[in-house]
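This briefing goes through a protein–DNA model topic by topic. The sequence and structure come first, and the notes follow.

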2 protein chains.
Amino acid sequence: MVTIYDIAERAGCSAMTVSRVINNTGRISEKTRQRVKAIMAEMNYVPNIAARSLVLQETKLLSLVIPDITNPFYTTLARGAEDAARKFGYQLLFSNSDENLEKENATLDAVISARADGVLIAPVGDGSAPCLEQLKQHNIPVVLLDREVPGFEADTVLGDSKEGAKALTAMLLAQGHRRIAFINGSLSTSTARQRLLGYREGLSSAGIACDDAIVFEAGFADTGLAEIIGKLMDLEQRPTAVFAANNKIALAAIRSLHAAGLSIPRDMSVVCFDDLEADYVVDPFLTVAAQPAYEFGAVGVGLLVERIKDRSRQPRTVTLSSALMKRRSTAPLR
Amino acid sequence: MVTIYDIAERAGCSAMTVSRVINNTGRISEKTRQRVKAIMAEMNYVPNIAARSLVLQETKLLSLVIPDITNPFYTTLARGAEDAARKFGYQLLFSNSDENLEKENATLDAVISARADGVLIAPVGDGSAPCLEQLKQHNIPVVLLDREVPGFEADTVLGDSKEGAKALTAMLLAQGHRRIAFINGSLSTSTARQRLLGYREGLSSAGIACDDAIVFEAGFADTGLAEIIGKLMDLEQRPTAVFAANNKIALAAIRSLHAAGLSIPRDMSVVCFDDLEADYVVDPFLTVAAQPAYEFGAVGVGLLVERIKDRSRQPRTVTLSSALMKRRSTAPLR
DNA sequence: TTGAAAGCGCTAACAC
DNA sequence: GTGTTAGCGCTTTCAA
């Protein structure tokens with residue numbers, strides 16, 4: 001491995017001078033600078049980050065922890081995070097938590113060990129608080145993505161879950177739907193709670209009572225969707241629309257609905273949060289509240305980098321609004 | 001920051017003893033081990049990887065470089081890589097190259113600097129050779145994913161592009177299609193070349209001449225699809241089927257075809273490589289040669305880890321076969 | 001403008 | 001079983 005000492009020797013100067021050239025610090029004669037630079041290029045020198053980290057106490061590593069990269073929302077978020085990280089000179093350490101507290105915990109231990117300069121995380125849920133506290137204890141800045149954690153204060157990038165849910169609900173109401181089932185993600189996430197709130201408010205502002213018999217909790221990891229849809233179908237007063245908390249749930253619901261012989265939107269309208277990547281959809285079908293996934297990542301990295309520089313700054317929450325995309329999974333009630 | 005010295009002091013032993021406890025090396029009395037462990041837990045000790053890296057010359061970091069995480073094939077590949085990396089005790093450093101040689105280059109510099117123990121890369125194309133050589137020069141093991149690079153020898157995970165393309169072509173022929181357009185990705189990738197080969201062989205084994213007027217190169221980054229489709233439409237003998245080299249191209253082609261007022265498969269059959277994530281598709285439509293994307297990542301990490309342990313081993317190429325999924329984007333020619 | 005010394009936190013090699 | 005020493009490659013501090 002080529003070190004600054006090898007460069008120094010060849011250049012006839014000290015390692016310190018080479019270090020100065022690399023970092024553009026101190027005053028160095030142009031002549032020396034050129035010579036050192038030439039030799040570095042010639043010898044194919046690349047600085048050793050581990051060594052630098054050890055003395056500088058920074059790694060230029062940011063950790064991104066998301067439930068599942070396979071989910072298009074997080075995919076695009078990751079893209080935004082990577083682009084922004086690169087722009088700020090950071091690299092991204094990447095892990096999936098699978099909506100699983102233990103995995104998340106293990107990941108965060110690894111992150112602490114790797115001494116990442118900061119963590120971007122879409123936490124599994126309220127149960128993530130202890131992990132997150134650990135990070136704080138180790139003085140590692142955290143930015144929360146998409147989900148808040150009660151009792152844990154940090155910079156946060158949030159969607160307008162409540163408003164979005166209200167808008168989606170209002171749209172269905174406008175189409176004449178009166179019985180709208182709600183299939184939520186895990187209530188241990190702030191996002192699920194906010195969406196439920198928005199749904200309720202949407203209903204009540206139209207003077208409609210919320211019927212708990214058609215409100216379900218599926219968990220974001222899509223558990224028992226078939227069962228839930230089964231229950232739905234057996235209801236005396238079957239709903240005419242389904243509001244799914246995210247697109248994974250919506251798609252699973254649609255599959256179950258299809259399996260039960262229903263056609264969408266003829267027999268049932270369906271809406272949800274999060275759009276699918278336009279490039280990879282044959283023909284956009286779902287009516288959604290589209291969240292700016294890319295910005296979640298990009299803004300998150302921005303906040304994190306600021307926070308790394310200034311740890312005393314007041315935590316901020318950035319709320320990104322969603323756009324209602326009305327498509328073919330919804331239809332006016334006949 | 002808590003160091004092994006802090007632990008040692010409190011435990012009344014030397015730093016070396018603490019190090020031994022952490023790494024489970026050497027012989028240590030059970031009593032000492034317990035005491036040290038207790039104190040580590042109590043003080044919330046986490047080893048500093050940078051320091052360890054510096055002496056061990058290994059970082060337990062693997063770099064994953066792919067063209068675009070937004071592409072479902074790479075998303076799932078990344079998932080497989082992450083799961084496998086975790087299993088082997090590595091973390092994943094993650095970057096997108098955007099099918100862009102310069103970005104790829106910049107990324108690889110960062111990787112060298114970070115002293116990743118190995119690199120998994122789906123290279124931009126044949127032009128990646130110099131970058132890759134640099135990695136080799138720095139003694140960083142490389143595993144090629146999805147694409148070979150002529151003149152660069154390395155462990156490689158490949159799909160059966162040629163066979164898959166032949167199968168897809170054969171299927172279209174069996175449906176009666178005789179004029180099958182081929183829209184390829186960048187010919188500077190081995191994958192594109194192999195797929196073209198498979199297409200040609202498929203045709204010729206049915207005794208059909210390949211008409212270069214209906215073979216196009218779009219670049220995997222989807223350039224000028226509309227234009228290509230335009231040309232296609234203007235052809236005197238319009239093709240009855242389109243073979244797209246990957247799903248991004250296929251979807252773009254379909255959009256253009258739709259825009260031109262064609263219906264699929266009625267007016268045109270469409271096939272391609274790579275399936276979409278089943279969880280996130282309302283209703284699978286595309287007839288594809290589905291590649292086991294997850295295995296690409298998982299197998300790749302396996303090869304890389306082996307290679308890191310034994311650098312003298314003969315490079316291996318693992319070929320993963322694809323599965324023909326016949327769906328509704330294709331129909332027998334009337 | 002440049003250099004020498006010390007130390008970041010850890011482990012390999014050797015001593016006891 | 002345990003400790004001492006040295007050094008991984010770099011930068012900070014202080015001196016010249």
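R147(B) is buried, with a relative accessible area of 2%. In this predicted model, its side chain meets that of E99(B) in a salt bridge, with N to O at 3.1 Å. R147(B) sits in the loop between β4 (142-145) and β5 (155-159) of chain B and E99(B) in the loop between β2 and α6 (101-114) of chain B, so the pair ties together parts that are 48 residues apart in sequence. E99(B), for its part, is partly exposed, at a relative accessible area of 23%.

**Other salt bridges**

- Over all chains, the structure holds 44 salt bridges.
- Side chains of opposite charge can pair when their charged atoms come close.
- D283(B) and R328(B) meet through their side chains in a salt bridge of 3.1 Å, N to O. This pair links distant parts of the chain, 45 residues apart: D283(B) is in the loop between β9 (269-273) and β10 (287-290) of chain B, and R328(B) is in the segment after β12 (323-325) of chain B.
- Both partners of that bridge are partly exposed: D283(B) has a relative accessible area of 39%, and R328(B) has one of 41%.
- R266(B) forms a salt bridge with D267(B), and their closest N and O atoms are 3.1 Å apart. R266(B) is exposed, with a relative accessible area of 54%, whereas D267(B) counts as partly exposed at 27% relative accessibility.
- A network of salt bridges links D68(A), D98(A) and K103(A) with R79(B) and D83(B).

**Buried polar and charged side chains**

- N96(B) lies in strand β2 (residues 91-96) of chain B and is buried, with a relative accessible area of 0%.
- The side chain of N96(B) makes a polar contact of 3.0 Å with the side chain of E82(A). The N96(B) side chain also reaches the backbone nitrogen of I69(B), at 2.7 Å.
- R307(B) is placed in helix α12 (residues 293-309) of chain B. R307(B) is buried, with a relative accessible area of 9%, and a polar atom of its side chain lies 3.0 Å from the backbone oxygen of R311(B).

**Surface near DNA strand C**

- There are 27 residues around DNA strand C, and T17(A), R20(A), R27(A), T32(A) and Y45(B) come nearest. Of the atoms of DNA strand C that come within 4 Å of the protein, sugar and phosphate account for 59%.
- R20(A) places a polar side-chain atom 2.4 Å from a base oxygen of DNA strand C.
- Two side chains approach phosphate oxygens of DNA strand C through an N or O atom: T32(A) at 2.5 Å and R52(B) at 3.0 Å.
- The elements that each supply at least two residues of this surface are α2 (15-23) and α4 (49-56) of chain A, together with α1 (4-11), α2 (15-23) and α4 (49-56) of chain B.
- By residue type, the surface near DNA strand C divides into 14 nonpolar, nine polar and four charged residues.

**Surface near DNA strand D**

- Around DNA strand D there are 27 residues, of which M16(A), S19(A), Y45(A), T17(B) and R20(B) come nearest.
- Sugar or phosphate makes up 59% of the atoms of DNA strand D within 4 Å of the protein, and the rest belong to bases.
- A backbone N or O atom of I4(A) lies 2.6 Å from a phosphate oxygen of DNA strand D, and a polar side-chain atom of N23(A) is 2.9 Å from a phosphate oxygen of the strand.
- A51(A) has a backbone N or O atom 3.3 Å from a base nitrogen of DNA strand D. Two or more residues of the surface near DNA strand D come from each of α1 (4-11), α2 and α4 of chain A and α2 and α4 of chain B.
- The residues of the surface near DNA strand D comprise 14 nonpolar, nine polar and four charged.

**Nonpolar surface patch**

- L54(A), V55(A), L56(A), L54(B), V55(B) and L56(B) form a nonpolar patch on the surface, with a combined accessible area of about 530 Å². Helix α4 of chain A and α4 of chain B are the elements that give two or more residues to the patch.
- L56(A), in helix α4 of chain A, is partly exposed, with a relative accessible area of 46%.

How values were computed: Residues are numbered from 1 along each chain as its sequence is written. Chains are lettered from A and ligands numbered from 1 in the order in which they are written. This is a predicted model: local features need pLDDT of at least 70, side-chain atom pairs count only at pLDDT 80 or more; totals for chains, interfaces and linings use all residues. Side-chain values use heavy atoms; hydrogens and water are left out. A residue is near a molecule or strand if one of its heavy atoms lies within 4 Å of it. A polar contact is a pair of N or O atoms within 3.5 Å; within protein, one must be able to donate a hydrogen and the other to accept it, and residues adjacent in sequence count only if both atoms are side-chain atoms. Helices (H or I, at least four residues) and strands (E, at least two) are DSSP runs, numbered from the N terminus. Ala, Val, Leu, Ile, Met, Phe, Trp, Tyr, Cys and Pro count as nonpolar, Asp, Glu, Lys and Arg as charged, and the others, Gly among them, as polar. Patches are made of residues with over 30% relative accessible area and no salt bridge: like charges are joined within 9 Å, nonpolar side chains (Val, Leu, Ile, Met, Phe, Trp, Tyr) within 5 Å. Accessible areas come from the Shrake-Rupley method with a 1.4 Å probe; for residues, only the protein chains shown count as cover. A salt bridge is a side-chain nitrogen of Lys or Arg within 4 Å of a carboxyl oxygen of Asp or Glu. Buried means under 20% relative accessible area, exposed over 50%, partly exposed in between (1.4 Å probe, protein chains only).
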